[in-house]
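Please find below a colleague's note, written to be read alongside the sequence and the coordinates.

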Amino acid sequence: MFLALDIGNTNITVGLFAMKDEKVLPEPLKVWKMSTVKEQTSDEYATLLMNMFFYAGFDAKKVSNFAIASVVPSLNAVFEELIKKYFGKKMFFVNPKNCGDLVFAAENSKETGADRIAGIVAAYSVYNDSCVVIDFGTATTFDCINSEGIYIGGAIVPGPAISVQLLNLKIEQLPRVEMKKPLKSIGLTTIECMQSGLYFGYIGLVKELIARIKREMEVKYIIATGGLAGLVFDEIEEIEIILPYLTLMGIRIIWEKSNLNGGN
Ligand SMILES: Nc1ncnc2c1ncn2[C@@H]1O[C@H](COP(=O)(O)OP(=O)(O)O)[C@@H](O)[C@H]1O
Ligand SMILES: CC(C)(COP(=O)(O)O)[C@@H](O)C(=O)NCCC(=O)O
Ligand SMILES: [K+]
């Protein structure tokens, strides 16, 4: 079996895939979410992982290949050590150099986050046309690939949860609020005012960026992914597709291409 790990700044999303003669089957058998805790050791994460396998009825010993898209470098060595110590395997890290035939517009290649690369590779491999991927994660990322498969870049915005935390952290009288759609945009209580600003303000932000991207490139598909995609999907008619496991799909595709070229 094949294990793909998407290490984000809030969650680590883990996808278990079946394999058949070096090919990884496209749909994950199981997906788990763990919290991203930078202080966590490889033994602690291994315990979590083994327990998740056990309770889902999978034999961890059957995992022969591992691949990670990490945007939390401080956890890379932890997971490299975990895979070595508990599985005796080498880790494959998605990075701008080994992401298959993805072509980067000149200057944006070296520093693009592995999750953004994985998402755009997956989107293009599914749709084979111009796509914008919006990943509603800790940060919200917009990633654009044109019809020729050239990754032309995108945008990075603080995710709603960061805005919620910052309002509470920086402003003495503002409480922590849950990010949810209020009944009206004109709020009465402080909480209603915050929820209106956060929810409708954020929807407007996403719509504005989509409109501007559309003036700079021809867009065939707009695909949402990430933990908060479900929250905003119904509000933004420009987003027709939601693929919760897009990043995991991209990790699988990139690893497989590298494996077939003898890269792993
Ligand atoms: N199932 C969920 N339902 C609602 N919100 C979620 C869910 N999973 C994650 N989130 C929220 O989405 C954000 C993180 O999403 P995720 O894509 O897991 O982030 P990252 O990849 O940046 O770690 C956080 O604000 C988190 O609270
Ligand atoms: C933009 C991101 C923080 C998004 O990560 P996430 O919100 O999923 O934790 C991540 O892709 C990242 O750290 N990127 C590096 C900078 C760049 O992509 O240009
Ligand atoms: K993400």
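The numbered points that follow take up the annotated position, the helices, the sheet and a loop in turn.

1. Status of the model. The structure under discussion is a predicted model. The remarks below should be read with that in mind.

2. The annotated residue. An unreviewed UniProt entry lists D115 under "active site". In the model, D115 belongs to helix 3, which comprises residues 114-127. Because its relative accessibility is 17%, and buried means under 20%, D115 counts as buried.

3. Surroundings of D115. Leaving aside residues up to four places away in sequence, D115 touches D6, A69, V71, D135 and T247. Two of the elements discussed below recur here: A69 falls within strand 6, residues 65-70, and T247 falls within helix 7, residues 246-260.

4. Helix 3 as a whole. Of the 14 residues of helix 3, 11 are buried, so the helix is largely enclosed by the rest of the structure. The buried set runs through A114, D115, R116, I117, A118, G119, I120, V121, A122, A123 and Y124; the annotated D115 is thus one of them. As for geometry, the end C-alpha atoms of helix 3 are 20 Å apart, in agreement with the 20 Å that its 14 residues should span at 1.5 Å a residue. Just after the helix, N128 adopts a positive phi of about 50°.

5. Helix 1: geometry and faces. Helix 1 covers residues 42-56, and its 15 residues reach 21 Å from the first C-alpha to the last, close to the 21 Å expected at 1.5 Å a residue. Its buried residues are S42, Y45, A46, L49, M52 and F53. These cover an arc of only 130° around the axis, which puts them on the same side of helix 1. F54 and Y55, on the other side of helix 1, are exposed.

6. Helix 1: packing and end. What do the buried residues of helix 1 pack against? Their partners are strand 1 (2-7), strand 2 (11-17), strand 5 (30-35) and helix 2 (76-87). The residue that follows helix 1 is G57, with a positive phi near 80°.

7. The sheet. An open sheet is formed by 5 strands in the order 5-2-1-6-7, with mixed pairing. Strand 5 and strand 7 (92-93) stand at the edges with a single partner strand each, so one side of each has no neighbour in the sheet. Strand 6 and strand 7 run parallel and are joined by 2 bridges. Within this pair, I68 is placed opposite F93 of strand 7. Helix 7 packs on the sheet and touches strand 1, strand 2, strand 5, strand 6 and strand 7. The direction of helix 7 makes about 125° with that of strand 1.

8. The loop between strand 3 and strand 4. Which backbone values deserve a check here? D21 lies in the loop between strand 3 (19-20) and strand 4 (23-24), and its phi is near 45°, a positive value in a residue other than glycine. E22 has its place in the loop between strand 3 and strand 4 and has a positive phi of about 65°, although it is not a glycine. With a relative accessibility of 67%, D21 counts as exposed, whereas E22, at 46%, counts as partly exposed.

Terms used:
Residues are numbered from 1 along each chain as its sequence is written. Chains are lettered from A and ligands numbered from 1 in the order in which they are written. This is a predicted model: local features need pLDDT of at least 70, side-chain atom pairs count only at pLDDT 80 or more; totals for chains, interfaces and linings use all residues. Side-chain values use heavy atoms; hydrogens and water are left out. UniProt positions are given in the numbering used here, feature names are shortened, and annotations may be inferred rather than shown by experiment. Helices (H or I, at least four residues) and strands (E, at least two) are DSSP runs, numbered from the N terminus. Buried means under 20% relative accessible area, exposed over 50%, partly exposed in between (1.4 Å probe, protein chains only). Contact means heavy atoms within 4.5 Å. The expected span of a helix is 1.5 Å times one less than its number of residues. The arc is that of the directions from the helix axis to the C-beta atoms. Two strands pair if DSSP finds at least two bridges between them. Axes are lines fitted to C-alpha atoms, for helices over the stretch in contact, and angles run from 0 to 180 degrees between N-to-C directions.
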